[in-house]
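User: I'd like to go through this one and hear the reasoning behind the labels. Can you take me through it?

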Amino acid sequence: MSSGKVGHASGGNHLEQFLLLAKSTRGAAVVALIQQALESPAIFVYGDLLEMSSVVELQGTENEKYFNLLQFFTYGTLADYKKNQSQLPPLTPLQLIKLKQLTLISLAGQSKTISYGVLLTELDISSLRELEDLIIEAIYGDIIRGKLDQKNSLLEVEFAIGRDIRENEVGGLVSVLQQWSDGCENVLATIEDQVCKANGAVQENDKMKKKISDEVESLKKALSAEMSESSKGFSAKKGGKGRSEER
């Protein structure tokens, strides 16, 4: 199953060329094709090539080790290769770089922050300069996105392209996605509850504002009426005093 094509379309286009060639080749020619695909700087998913009939037919032959090598590039890491190195073909310099890049992608897909110590070990690199060059090249190649925190010796990951996954790993992936989905639903429910509470608070606030407005309006009317009455009384007193003086 090839999950890594999304986000790296150019790699998919390059792999298509190898898939077309694999349909019409057999034996040693398929081995050469695999070697070229593993060295290609634009291909990072190999599941479709691994499933081609001409590639599958390498099993049980003297070239089976190349089928196994392709499996490690499809699903594995540099550490996996080193554990089985005696049973596999030696890597060319370009293939070694590719397997390190694939290992970096796997690590970046597992954690948002990766220490230099882990990277140096998993990528079998002894030089910080070489490590940072590999990471920078991966970022420019858009197979990962992130930044180097040299002060704290960390790689901060923002994105990594997908890799192929084995069929027996699909269940675990579905479980993780289900947990993520459940988490999203819980967050959504919490947000909706907060919105309802906020709307309720707004309604109560509007009611209070209306009540205060009505009370202020009533007070204004009462004051206006009282002032009107006072004005009438004052006018009446003034009129009576004037008549008294005339007498």
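User: What makes β2 and β3 a pair?

Analyst: This is a predicted model, and in it 6 bridges join β2 to β3 (residues 154-160), with the two strands running antiparallel. Pairing takes at least two bridges, so β2 and β3 count as paired. One of the partnerships is Asp-149 with Leu-154 in β3.

User: Where do the strands sit in the sheet, and why are β1 and β2 said to stand at the edges?

Analyst: The order is β1-β3-β2 in an open, antiparallel sheet of 3 strands. β1 (113-115) and β2 (144-149) each have a single partner strand, so one side of each has no neighbour in the sheet. From one strand to the next, the twist averages 25 degrees.

User: Which strands does helix α7 touch?

Analyst: Helix α7 (residues 93-110) packs on the sheet and touches β1, β2 and β3, with its direction at about 90 degrees to that of β3. Another helix, α9 (residues 128-140), lies across β2 and β3 and runs at about 145 degrees to β2.

User: Why is Thr-103 called buried?

Analyst: Thr-103 is in helix α7. Its relative accessibility is 1%, and buried means under 20%, so the label fits. Beyond its neighbours within four places in sequence, Thr-103 contacts Thr-77, Leu-78, Glu-122, Leu-123 and Arg-163.

User: And which residues touch the most other members of the largest nonpolar core?

Analyst: That core has 47 residues, and those touching the most other members are Tyr-46, Leu-49, Val-55, Leu-70, Leu-119, Ile-144 and Leu-155. Take Leu-70: leaving out residues up to four places away in sequence, Leu-70 touches Ile-34, Leu-38, Tyr-46, Leu-49, Leu-50 and Val-55.

Terms used:
Residues are numbered from 1 along each chain as its sequence is written. This is a predicted model: local features need pLDDT of at least 70, side-chain atom pairs count only at pLDDT 80 or more; totals for chains, interfaces and linings use all residues. Side-chain values use heavy atoms; hydrogens and water are left out. Helices (H or I, at least four residues) and strands (E, at least two) are DSSP runs, numbered from the N terminus. Axes are lines fitted to C-alpha atoms, for helices over the stretch in contact, and angles run from 0 to 180 degrees between N-to-C directions. Contact means heavy atoms within 4.5 Å. A nonpolar core is a set of buried Ala, Val, Leu, Ile, Met, Phe, Trp, Tyr and Cys residues joined through side-chain atoms within 4.5 Å. Buried means under 20% relative accessible area, exposed over 50%, partly exposed in between (1.4 Å probe, protein chains only).
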